[in-house]
Amino acid sequence: MKKAGILNRHLSGALAELGHGDGVLVCDAGMPIPAGPRVVDLAFRAGVPSFAEVLDGLLAELVVEGATAATEVREANPAAAALLAGRFPGWELVSHDRLKELSAAARLVVRTGEARPYANVLLRCGVFF
């Protein structure tokens, strides 16, 4: 048994399979899940686990070279916008519809229990060297 890091076996295994350039969508409970990508659904109850908790846990284990979120997050969810701006100074903003289109090419979707709107980000994996 692992003693640290992400303990969820499905998520830990899916992260181990990621490579450079792969996309990981971290999303709220309301985001439409595209057909195709592997899905690890962590949602338990509204707000549990939160977007911030899951994102920070993933960032502790992944090398991320880019992040894309919906422009709408700035107005509809300032807390999520501030979180993303703090974690990804060079983040890209696109329309929510475009984010949904881009998500179809993700390798992994991690669904949180977040119940605030537009708490979604598409991460692009980097390499550690």
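These are my notebook entries on one aspartate, two pockets and one helix in a predicted model.

**Entry 1: aspartate 41**

I started with aspartate 41, which sits in strand β2, residues 38-41. Is aspartate 41 buried or exposed? I found neither label fits: its relative accessible area is 44%, and because buried means under 20% and exposed means over 50%, I wrote it down as partly exposed.

Next I looked at what its side chain touches. It makes a polar contact with the side chain of arginine 111, at 2.8 Å. The aspartate 41 side chain also reaches the backbone nitrogen of alanine 43, at 3.0 Å.

I then checked one pair by distance. Cysteine 27 and aspartate 41 are separated by 14 residues in sequence, and their C-alpha atoms are 9.7 Å apart in space.

**Entry 2: the largest pocket**

I moved on to the pockets. How much space lies in the largest pocket? I noted about 190 Å³.

For anyone following along in the viewer, the lining residues are Leu15, Ala16, Leu18, Gly19, His20, Glu61, Leu62, Val63, Cys125, Gly126, Val127 and Phe128. Sorting that lining by character, I got eight nonpolar residues, three polar and one charged.

**Entry 3: the second largest pocket**

The second largest pocket comes to about 160 Å³. Around it I listed Gly21, Asp22, Gly23, Thr68, Glu92, Leu102, Ala105, Ala106, Leu122, Leu123 and Arg124.

Which element gives the largest share of this lining? I traced it to strand β6, residues 121-125, with three residues. By character, the lining of the second largest pocket divides into five nonpolar, three polar and three charged residues.

**Entry 4: helix α5**

Last, I turned to helix α5, residues 96-103, to see how it is placed. Its buried residues are His96, Leu99 and Ser103. They span an arc of only 55 degrees around the axis, so they lie on the same side of α5.

What does the face turned away from the buried side of α5 carry? There I found the exposed residues Asp97 and Glu101.

I also asked what covers the buried residues of α5. The cover includes four strands that I could pick out: β1 (23-27), β3 (64-70), β4 (92-94) and β6.

**Loose ends for rereading**

Two names turn up again across my entries. Strand β6 supplies three lining residues to the second largest pocket, and β6 is also among what covers the buried residues of α5. Leu102 lines the second largest pocket, and helix α5 takes in residues 96-103, so I will look at those two together next time I open the model.

How values were computed. Residues are numbered from 1 along each chain as its sequence is written. This is a predicted model: local features need pLDDT of at least 70, side-chain atom pairs count only at pLDDT 80 or more; totals for chains, interfaces and linings use all residues. Side-chain values use heavy atoms; hydrogens and water are left out. Buried means under 20% relative accessible area, exposed over 50%, partly exposed in between (1.4 Å probe, protein chains only). A polar contact is a pair of N or O atoms within 3.5 Å; within protein, one must be able to donate a hydrogen and the other to accept it, and residues adjacent in sequence count only if both atoms are side-chain atoms. On a 1 Å grid over the protein atoms alone, a cavity is a set of points where a 1.4 Å probe fits but cannot get out, and a pocket is an open set with protein on both sides within 12 Å along at least five of seven lines; lining residues have an atom within 4 Å of a point. Grid points are joined across faces, edges and corners, and a volume is the space filled by probe spheres set on the points. Ala, Val, Leu, Ile, Met, Phe, Trp, Tyr, Cys and Pro count as nonpolar, Asp, Glu, Lys and Arg as charged, and the others, Gly among them, as polar. The arc is that of the directions from the helix axis to the C-beta atoms. Contact means heavy atoms within 4.5 Å.
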